[in-house]
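Work through the following exercises with the sequence and the 3D structure at hand, and try each task before you read its solution.

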Amino acid sequence: RRHQYPLEGLLEENAAVREYCEALMAKLREQFGGRLAPRDMVLLWSDARCAAQRAHCDFTRERVEGLSDDEMPLGFVFALQDDTPLDVWPGAIRCFDDPGRELAHRRIVLNAGDAVFFRGDLVHAGAPFDRSNMRIHVYLDHADVDRAENETFFMHEEPWIAERRSGRRSGPSEAH
């Protein structure tokens, strides 16, 4: 019930979508001044009653271990609709090994036009959806860090990653 569509095909077919995505990519390039390159823009579509994803990082330990904060690749989610939830575990970066404490879950909720950036090693997951939802996802890659396509590092079975508590929600300004 969770689908991913490369936007390249839509860009060729629809001038309005192409202009919108080109403007978004240009803004991302401007924001990061060449330090990180936006790549692989996809439309994420979740059907109604879509279950939650497993908690994961977008990069494996081997790909990001030892990177400085300036070298760390990022993820970017741009909400196209109101009430777009994303599950995160604040503080769950560089935590491939037991950090000595349980890391709590938080659900952030984005509205149309809101965006969130997150480190490639942040534990996060697509939230469950009661109704269909569309959003854009982009990787912001660092030139020195290889990213394998569709590679994730699942963290949902680690004892320090707390289980989701569906009632914990916050707006984008509270996300870290």
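**Exercise 1.** How much space lies in the second largest pocket? Find also which residues are closest to its centre.

*Solution.* Keep in mind that this is a predicted model, and begin with the volume, for the second largest pocket holds about 210 Å³ of space. Next, turn to its lining, which is made up of eleven residues, and among these Asp83, Pro85, Pro128, Phe129 and Asp130 are the closest to the centre. Finally, sort the lining by character, which gives four nonpolar, two polar and five charged residues.

**Exercise 2.** Describe the largest pocket by its volume and its lining.

*Solution.* The volume of the largest pocket is about 810 Å³. Its lining consists of 36 residues, of which Gln4, Val42, Leu44, His137 and Tyr139 are the closest to the centre. Several elements give two or more residues to this lining, including strand S1 (2–6), helix H2 (15–32) and strand S9 (133–141). Sorted by character, the lining residues comprise 16 nonpolar, ten polar and ten charged.

**Exercise 3.** Determine whether histidine 3 is buried, partly exposed or exposed, and then identify its contacts.

*Solution.* First locate histidine 3, which belongs to strand S1. Its relative accessibility is 27%, and because partly exposed covers the range between 20% and 50%, histidine 3 counts as partly exposed. Then set aside the neighbours within four places in sequence, which leaves histidine 3 in contact with Leu43, Leu44, Trp45 and Asp47. With aspartate 47 there is a polar contact between the two side chains, at 2.9 Å.

Technical notes
Residues are numbered from 1 along each chain as its sequence is written. This is a predicted model: local features need pLDDT of at least 70, side-chain atom pairs count only at pLDDT 80 or more; totals for chains, interfaces and linings use all residues. Side-chain values use heavy atoms; hydrogens and water are left out. On a 1 Å grid over the protein atoms alone, a cavity is a set of points where a 1.4 Å probe fits but cannot get out, and a pocket is an open set with protein on both sides within 12 Å along at least five of seven lines; lining residues have an atom within 4 Å of a point. Grid points are joined across faces, edges and corners, and a volume is the space filled by probe spheres set on the points. Helices (H or I, at least four residues) and strands (E, at least two) are DSSP runs, numbered from the N terminus. Ala, Val, Leu, Ile, Met, Phe, Trp, Tyr, Cys and Pro count as nonpolar, Asp, Glu, Lys and Arg as charged, and the others, Gly among them, as polar. Buried means under 20% relative accessible area, exposed over 50%, partly exposed in between (1.4 Å probe, protein chains only). Contact means heavy atoms within 4.5 Å. A polar contact is a pair of N or O atoms within 3.5 Å; within protein, one must be able to donate a hydrogen and the other to accept it, and residues adjacent in sequence count only if both atoms are side-chain atoms.
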